[in-house]
Structure formats: structure tokens, C-alpha cells
Amino acid sequence: MGRFDGKVVIVTGAARGQGEAEARLFASEGAKVVLADVLDVEGQAVAADIGATATYVHLDVSKEAEWQSAIAATKDFGGRLDALINNAAIIWPSAIEDTTLEAYMAVINVNQVGCFLGMKSALPLMKESGGGSIVNISSIDGIASKNGLVSYTASKFAIRGMTKTAAMEWGRFGIRVNSVHPGGVNTVMGNPINDPILETMPYQQQAIQRIGYPNEIAAAVAFLASAEASYITGTELVVDGGWLTGRLEPGLPGSSATTEGFGYNA
């Protein structure tokens, strides 16, 4: 018996990377999974590989009409909706003074507006199904920030706040809403050229000195969506290898971090 036997789940941004890992995990645990993305060829291939318990729908998350179509397709496919994973996101690094309004809004529309539309659009069918769980994928940049990420950080902070508002409003319907905050993840976004060096080198000062992997984020998402998290709502689950916990200081006791460039003597 799987944790999601008889359940129906939508995963956005499911054609590859983190979203694909989430979709595959839900399916392996017994769910019918609706994979949603704008990468049609890749998304259809993943759904076909999963098999009869998966289907693919084209979904630009920034378009309300496409959300309505995706929800209708979900009802046709599975008859209900038990979990929504708002995973789709884009990033556009640039300094604030170099960021055009067009570039800024492109990120906001996908990451922030897409999450809002997803929650709002899913609500009627989820209520009709007797409740459920929404997991919104934010980031460690929704808790702290980095230079060059003004639009991405703004969107991820917004997701964190919207999650709490939805949790407060929808608990009475038996709907839990939580956010997951990954650190670096070995995906096209987190490691665009799939460089093995980038799986470890930037992470030498965090507790777990490597990048995260999509299956590790998927496991956290599945936990929050499952009955095991039945008393958890409106909270943040950080999955970052200890990035936000603190920094290992080279040259001080207990650190194996490299001293190069930090001004400490080994």
C-alpha cells in the first residue's frame, strides 16, 4: 500500500528536474499524477514513462484560463484533487539597477502569480474532494537572500507569505498549505551545465558539503502532502543541507572547509 493510494496530485514544472522527481515519487506511492508544464515534449515523455497512472497537461502557470483547463483535465482524469504541488519557477539573475520591469515581472508572473493562481484554481475541486494538501515550493531565498536575485527573492518571499494566508483561510476545509525551501539543487536551474565541480565546490561552508538532489526535495514534499503531516500547516520546511544554519569557518575547530580565499591559516 502506498501513502497516496486513491489520491490525485498535480505537479507543476513536472517535465524535468525537481518537478519530475516529485511526480515520479507520488506515482510510485500510488497516486494518479497530473504533470503540468510548458515543455510539452519532455512532459509527455515523462508521463508516458510513468505509465497509466500519469497524464500530461500543457500549463502556463501565469495564465488563469490555462489553470482552469488543467483543473478540468484533472477532474476528468482522476475525479478529484488531493494535492497540488506548486513547483514551476524561473530565475533571472541581475543587479537591481540592470533589471528591467519586463524582466522583473516575467519572474513574478511565473513564480508568484502562478502560485497564487494555482491555489485559487485548485480550491473548488479540493473542497469537493473533502480536503487535501498544497505544497508551495519557495526557496532559501524566500527566507534570506543573495545579491543579483531581486525578482526571484521577491517571488519566493511572497510564496512564503501567501502560504500562511492560505493555511489560515482554508484549514476549515481540511486543506493544509505549507512551503518547502530548498537550497541548491542539482537541476537545470541549480547546475545548468551539469558540472560535477558545482555539486560540491560552492557548498564547502555549509554543514552538508554538497548540492541537494531532486529526490531529496521530492521526499520532503511528499511528506508534507501525506497524512503523516496531518497536523502541519502554514509552516516552512527548509531542505538546504544546513546553508541557512550557519557557515563553517575555515581554520576554526570542527571545520573541514577550504581555507583558500578566506584569510585563515590552516
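**Helices α1 and α2**

I looked up the meeting of α1 and α2 and found Glu20, Ala23, Arg24 and Ala27 of α1 against Val46, Asp49 and Ile50 of α2; contact here means heavy atoms within 4.5 Å. The structure is a predicted model, in which local features need pLDDT of at least 70, side-chain atom pairs count only at pLDDT 80 or more, and totals for chains, interfaces and linings use all residues. Residues are numbered from 1 along each chain as its sequence is written, and side-chain values use heavy atoms, with hydrogens and water left out.

Helices (H or I, at least four residues) and strands (E, at least two) are DSSP runs, numbered from the N terminus. I noted α1 at residues 17–28 and α2 at residues 40–50, with an angle of about 20° between them and their axes 11 Å apart. The axes are lines fitted to C-alpha atoms, for helices over the stretch in contact, and angles run from 0 to 180 degrees between N-to-C directions. That angle makes α1 roughly parallel to α2 (under 35 degrees is roughly parallel, over 145 roughly antiparallel, 65 to 115 roughly perpendicular, the rest oblique).

I recorded the crossing of α1 past α2 as right-handed. A crossing is right-handed if the near helix is turned clockwise from the far one by less than a right angle, and left-handed if anticlockwise. By class, the contact of α1 with α2 holds 4 nonpolar, no polar and 3 charged residues. In this scheme Ala, Val, Leu, Ile, Met, Phe, Trp, Tyr, Cys and Pro count as nonpolar, Asp, Glu, Lys and Arg as charged, and the others, Gly among them, as polar.

**Helices α3 and α4**

I then turned to α3 and α4, which pack at an angle of about 30° with their axes 10 Å apart. Their crossing is right-handed. From α3 the contact takes Glu64, Trp67, Gln68, Ile71, Thr74 and Lys75, and from α4 residues including Gly114, Leu117, Gly118 and Ser121. I entered the division of the contact of α3 with α4 as 5 nonpolar, 5 polar and 4 charged.

Leucine 117, in helix α4, I looked up separately. Leucine 117 is buried at a relative accessible area of 6%; buried means under 20%, exposed over 50% and partly exposed in between, with a 1.4 Å probe and protein chains only. Beyond neighbours within four places in sequence, leucine 117 is in contact with Val61, Ser62, Lys63, Glu64 and Trp67. From leucine 117 to glycine 212, 95 residues apart in sequence, I noted 28 Å between C-alpha atoms.

**Helices α4 and α5**

The axes of α4 and α5 come within 8 Å and cross at roughly 15°. That makes α4 roughly parallel to α5. I recorded this crossing, too, as right-handed. The contact includes Met119 and Leu123 of α4, and Met162, Ala166 and Trp170 of α5. By class I entered 15 nonpolar, 4 polar and 2 charged residues for the contact of α4 with α5.

I checked one residue in each helix. Alanine 103 is in helix α4 and is buried, with a relative accessible area of 5%. Threonine 165 lies in helix α5 and counts as partly exposed at 44% relative accessibility.

**The nonpolar cores**

Which residues touch the most other members of the largest nonpolar core? I found Met119, Ile134, Trp170 and Val177, in a core of 28 residues. A nonpolar core is a set of buried Ala, Val, Leu, Ile, Met, Phe, Trp, Tyr and Cys residues joined through side-chain atoms within 4.5 Å. The elements giving two or more residues to this core are β2 (32–37), α3 (64–78), α4 (101–128), α5 (150–170) and β6 (175–182). Of these, α4 gives the most, with 8 residues. Another core, of 27 residues, lies apart from it and has Val33, Leu35, Ile137 and Val180 among its members.

For isoleucine 134, leaving out residues up to four places away in sequence, I listed Leu84, Asn86, Met119, Met126, Trp170, Ile175, Arg176, Val177 and Asn178 as touched.

**Glycine 184**

I found glycine 184 in the loop between β6 and α6 (214–225). Glycine 184 is partly exposed, at a relative accessible area of 26%. Not counting residues up to four places away in sequence, glycine 184 touches Tyr203, Ile211 and Gly212. Its C-alpha atom is 9.0 Å from that of serine 139, and the two are 45 residues apart in sequence.
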